[in-house]
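Trainee: I keep meeting labels for helices and sheets without knowing where they come from. Can we go through some together?
Mentor: Sure, let's put the structure up and begin.

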Amino acid sequence: MTPLAVYISISGVSPLVTNLAILVLAGFVGYAVISKVPNTLHTPLMSGTNAIHGIVVLGGLVLLATGADLDTGSKIILFVALVFGAINVVGGFVVTDRMLEMFKPKKDKPKDDGDAKGGDA
Amino acid sequence: MIANSFIFGANFKAIMYIVAFSLFIYGLSGLTGPKTAVRGNRIAAVGMVIAVITTVLVNPINNVGLIVVGLLIGAIVGVPAARRVKMTAMPQMVALFNGVGGGAVALVSWAEFRDSAGFHFTPTYIVIFSVFSALVGSVSFWGSNIAFGKLQELISGKPISLGKLQLPIQAIVGLIALACATAIVAEPQDEIVMIGLLVSAGVFGVLLVLPIGGADMPVVISLLNAFTGLAAAAAGIALENQAMIVAGMIVGASGTILTQQMAIAMNRTITSVIVGGFGGGGEVVAAGATGAGGGTVRSTSAADVAIQMAFARLVVVVPGYGMAVSQAQHAVREMAKALEAKGVEVQYAIHPVAGRMPGHMNVLLAEADVPYEQLKEMDDANSDFPRTDVAIVIGANDVTNPDARNDPNSPIYGMPILNVDDSASVIVLKRSMSSGYAGIDNPLFVNPKTQMLFGDAKASVANITSELHEL
């Protein structure tokens, strides 16, 4: 097995438990981060998290890349999954970016501090 | 050999994934303020690129053509859709992106099933998580597509329900899905069982969203978003992919909280939204309430509204879904500019569930270059209404309905609202006297302080602006 897995198994903990620990901690992080977001930014937030769950594209990637002897059916399924995942990721980030640009302080505002490259409209 | 070198090893992958999800978390925390938000989103996107490249690097590469073409098609479809979509159509766009994400998770699980001949020789826990991601992913895919159809008005936005049969049918479909799932976990099954699981979960998703009315859509989209996140996290455990676990779970957790916050803002439980309340079977409610609206409605003209506002000190704009429908946000901004030129202070009072998505109004107003500081959240706005001279309600209805405060029999009783009737005078822009999405009457319209300006919101606002310029 891989070095990391060997290390884990020496400690007597299975990968499942490690992954569950990661899962639980990520849940708390998600909770903590989101509690601070003002109502005003809820749409971009939802859209941003929506882009992040596009991480599922990795699932299609891994299975296609490691699957040396997939049958045609599985290939088609994974191909569609990959396309779906890619639409989710790419579309999600682009649309969120568009929305958030609008919330940036605009050029015509004199008190635009530092980060002034935005507002191309 | 190459497989043992650092760049292609598991440790490298693990470390790069840690970098990737740190960027997700750091990026998301940037979304807490308007100034850091754009950068935050881009940082998260960089994390995503790192995760994808790492995944490609560490795995033996088969099916290169399919991978490249698949990613390209995704980008070719996703980017123009995201760039061209109108801000008013944002809720359905998010629903659609969410749906394809859920669909991807379900398909990945299906492929795993096929690849291992029904999870032969697969550890049970992996099967459990994989089957869970198939179930939830399929619900999310079909549910989101229905939500998209409703918001895009391909399907009626009104609740569609099977009546008394709704609950039993939904329960049966749900049980079929669970039975398929249990069978697959128990022992290897024929592929037809997996397909049965995906289809029954899909039907369940359709039945889940169909009976939900337009007003409850923000909650539903947010809930489905959380579903896809949880499904992605489960798929991550099944594939032992830490980037998927972290990213999926963050979305699952944050989506759940967001859903809850929204439900609280409407004074409803998530369960009651799903079962379909006033956004749901509205007929009875509407029939009961129409009789109550017996008062007289005063209608007014654009010129009169312009005069009232021109001599006000503080004008508060209360936008709702109607503003989105008629795309009036730019016209509203022009009106505000005209008022500000006359020394009138203009603010915007935003109800947390105005529109079809949380923060929907903020996005539209930001598109029209309304300064962020002028957007007031509900509590601030409510403390300002008593010193407001004119509150102008543009296409909002239920979120201003005083019945929510006064009438214990009203279906929206207890929902926090914008107390526009505290201001000295109220102007309501409305297409006609029809009721809001909730299908209930609004006594605000017959309040002696209220004047109605009928017509398309965008045209009405434009008329007011031109009258303002002539004053």
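Trainee: At what angle do helix 4 of chain A and helix 4 of chain B pack, and how far apart are their axes?
Mentor: Keep in mind that this is a predicted model. In it, helix 4 (residues 57-66) of chain A packs against helix 4 (residues 90-115) of chain B at about 25°, and the axes are 8 Å apart.

Trainee: Why is helix 4 of chain A called roughly parallel to helix 4 of chain B?
Mentor: Angles under 35 degrees count as roughly parallel. The angle here is about 25°, so the label fits helix 4 of chain A and helix 4 of chain B. The crossing of these two helices is left-handed.

Trainee: Which residues of helix 4 of chain A meet helix 4 of chain B?
Mentor: Val57(A), Gly59(A), Gly60(A) and Leu63(A) do, and their counterparts in helix 4 of chain B include Ala104(B), Val108(B) and Asp115(B). The residues of this contact split into 6 nonpolar, 2 polar and 2 charged.

Trainee: What makes up the whole contact between the chains?
Mentor: Chain A gives 84 residues and chain B gives 101 residues. On the chain A side, helix 5 of chain A has the largest share, with 30 residues. That side divides into 48 nonpolar, 27 polar and 9 charged residues.

Trainee: Now the sheet in chain B. In what order do its strands lie?
Mentor: Its 6 strands follow the order 3-2-1-4-5-6, in an open sheet with parallel pairing. The twist from one strand to the next averages 25°.

Trainee: Why are strand 3 and strand 6 of chain B at the edges?
Mentor: Strand 3 (375-377) and strand 6 (450-454) of chain B each have a single partner strand, so one side of each has no neighbour in the sheet.

Trainee: How do you know that strand 1 of chain B pairs with strand 2 of chain B?
Mentor: Pairing needs at least two bridges. Strand 1 and strand 2 of chain B are joined by 4 bridges, so they pass that cut-off. Strand 1 of chain B also pairs with strand 4 of chain B, over 5 bridges. Look at Val316(B): opposite stands Gln347(B) in strand 2 of chain B, while Ala391(B) is the bridge partner in strand 4 of chain B.

Trainee: What makes strand 1 of chain B mostly covered?
Mentor: A residue is buried if 20 or more other C-beta atoms lie within 10 Å of its own. In strand 1 of chain B, 5 of its 6 residues are buried, so "mostly covered" fits.

Note on methods
Residues are numbered from 1 along each chain as its sequence is written. Chains are lettered from A and ligands numbered from 1 in the order in which they are written. This is a predicted model: local features need pLDDT of at least 70, side-chain atom pairs count only at pLDDT 80 or more; totals for chains, interfaces and linings use all residues. Axes are lines fitted to C-alpha atoms, for helices over the stretch in contact, and angles run from 0 to 180 degrees between N-to-C directions. Angles under 35 degrees count as roughly parallel, over 145 as roughly antiparallel, 65 to 115 as roughly perpendicular and the rest as oblique. A crossing is left-handed if the near helix is turned anticlockwise from the far one by less than a right angle, and right-handed if clockwise. Two residues are in contact if their C-beta atoms, placed from the backbone, lie within 7 Å. Ala, Val, Leu, Ile, Met, Phe, Trp, Tyr, Cys and Pro count as nonpolar, Asp, Glu, Lys and Arg as charged, and the others, Gly among them, as polar. A residue is buried if 20 or more other C-beta atoms lie within 10 Å of its own, exposed if 12 or fewer, and partly exposed in between; C-beta atoms are placed from the backbone.
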